Amino acid sequence: MRASWGLSSYNDQEDLLWEQAERDRFSWTVLRPDGVIGPSIGSPMNMLTGLASFASISRELCVPLRFPGSLGAWSALHQMTDAGVLAEAVLWSLTTKTARNEIFNVTNGDNFRWQHLWSEIAEFFDMPTATPQPMLLSEQMSDKASIWERIVKKNKLQATPWAEIAAWPFLDGWLNTDFDMVQSTIKIRCAGFTGCIDTHESIMQHLGHLREYRLIP
């Protein structure tokens, strides 16, 4: 499910790009990130605020933070692309000859497992954890608007409509990917790009930004 999101659209855009580049004689670079992690509201592929709001709802309901995905996904290898790393790659590709007319994977440069990361997310929200409890967030979060409004009011947060917090089917797809997601970034490294960040650090930083911007408690 996760790998199929928008894939056809991306391929169509690349086909159009290559046709126009050949016709108008300009160079191009295609960057292929995995799920981009960073503060964002209203994005159809927003993992960060979805996780943060799920944790906030769980805390408000006085329940431990349970991993809601599949048991396979709990232990599988995953990867992310920090928004800052992706921005660095865009700037690098605009001025680097070795990036012309090339396609590159762009990720943080490491892999992670939810079972190792989950306790850090819980600690950020000062919550206990419990064993994973597979569920579909698209169903479980569908009636939580009133609870979110209570959280916003109590913590004096930015008044973000619940419908704009996250695309829950996207989170369901990611959190139920029960096979290893490992894309090689050796090509972009060999071409000269060195941007990277530890994914645990990336998530903690961006959760901090969400709190700083008063988007989460």
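## Cavity, helix 7 and charged pairs in a predicted model

The largest cavity is lined by I41, T49, A52, S53, W148, T160, I165, L215 and I216. The model in which this cavity lies is predicted, not determined by experiment. About 40 Å³ of space lies in the largest cavity, and a search of the whole structure finds 1 cavity of 30 Å³ or more. Rolling a probe the size of a water molecule over the atoms shows where empty space is left. Helix 2 contributes the most to the lining of the largest cavity, with 3 residues.

One of the lining residues, W148, also belongs to the buried set of helix 7. Which residues of helix 7 are buried? Helix 7 spans residues 145-155, and its buried residues are I147, W148, I151 and V152. These four lie on the same side of helix 7 because they cover an arc of only 140° around the axis. The spacing follows a general rule: an α-helix has 3.6 residues a turn, so residues three or four places apart point the same way. On the other side of helix 7, E149, K153 and K154 are exposed. Helix 2 (47-60) is among the parts that cover the buried residues of helix 7. Just after helix 7, K156 takes a positive phi of about 55°.

Charged side chains come next. Side chains of opposite charge can pair when their charged atoms come close. The structure holds 6 salt bridges, and the table gives some of them.

| Acidic residue | Basic residue | N to O distance |
|---|---|---|
| D24 | R23 | 3.9 Å |
| E60 | R150 | 3.0 Å |
| E102 | K187 | 2.9 Å |

What does the salt bridge between E60 and R150 tie together? E60 lies in helix 2 and R150 in helix 7, so the pair ties together parts that are 90 residues apart in sequence. E60 counts as buried, at 19% relative accessibility, and the limit for that label is under 20%. R150 counts as partly exposed, at 42% relative accessibility.

The salt bridge between E102 and K187 has its closest N and O atoms 2.9 Å apart. E102 lies in strand 4 (residues 102-106) and K187 in helix 9 (residues 186-190), so this pair ties together parts that are 85 residues apart in sequence. E102 is partly exposed, with a relative accessible area of 29%. K187 is partly exposed as well, with a relative accessible area of 39%. Salt bridges that share partners also join E60, R150 and K154 into one network.

In the salt bridge between D24 and R23, D24 is partly exposed, with a relative accessible area of 43%. R23 counts as exposed, at 56% relative accessibility.

A polar residue in a loop completes the report. Q79 is found in the loop between helix 3 (71-75) and strand 3 (81-82). Is Q79 buried or exposed? Q79 is buried, with a relative accessible area of 1%. What does the side chain of Q79 make a polar contact with? One partner is the side chain of D34, at 3.0 Å. Another is the side chain of Q183, at 2.6 Å. The C-alpha atoms of Q79 and S119, which are 40 residues apart along the chain, are separated by 18 Å.

Key. Residues numbered from 1 in each chain as written. Predicted model: local features only at pLDDT ≥ 70, side-chain atom pairs only at ≥ 80, totals over all residues. Heavy atoms only, no water. Buried < 20%, exposed > 50% of the residue type's maximum accessible area, 1.4 Å probe, protein only. Helix = DSSP H or I, 4+ residues; strand = E, 2+ residues; numbered from the N terminus. Arc of directions from axis to C-beta. Contact = heavy atoms within 4.5 Å. Polar contact = N/O pair within 3.5 Å; in protein donor to acceptor, adjacent residues only side chain to side chain. Salt bridge = Lys/Arg side-chain N within 4 Å of Asp/Glu carboxyl O. 1 Å grid on protein atoms, 1.4 Å probe; cavity = no way out; pocket = protein on both sides within 12 Å on 5 of 7 lines; lining within 4 Å. Points joined across faces, edges and corners; volume = space filled by probe spheres on them.
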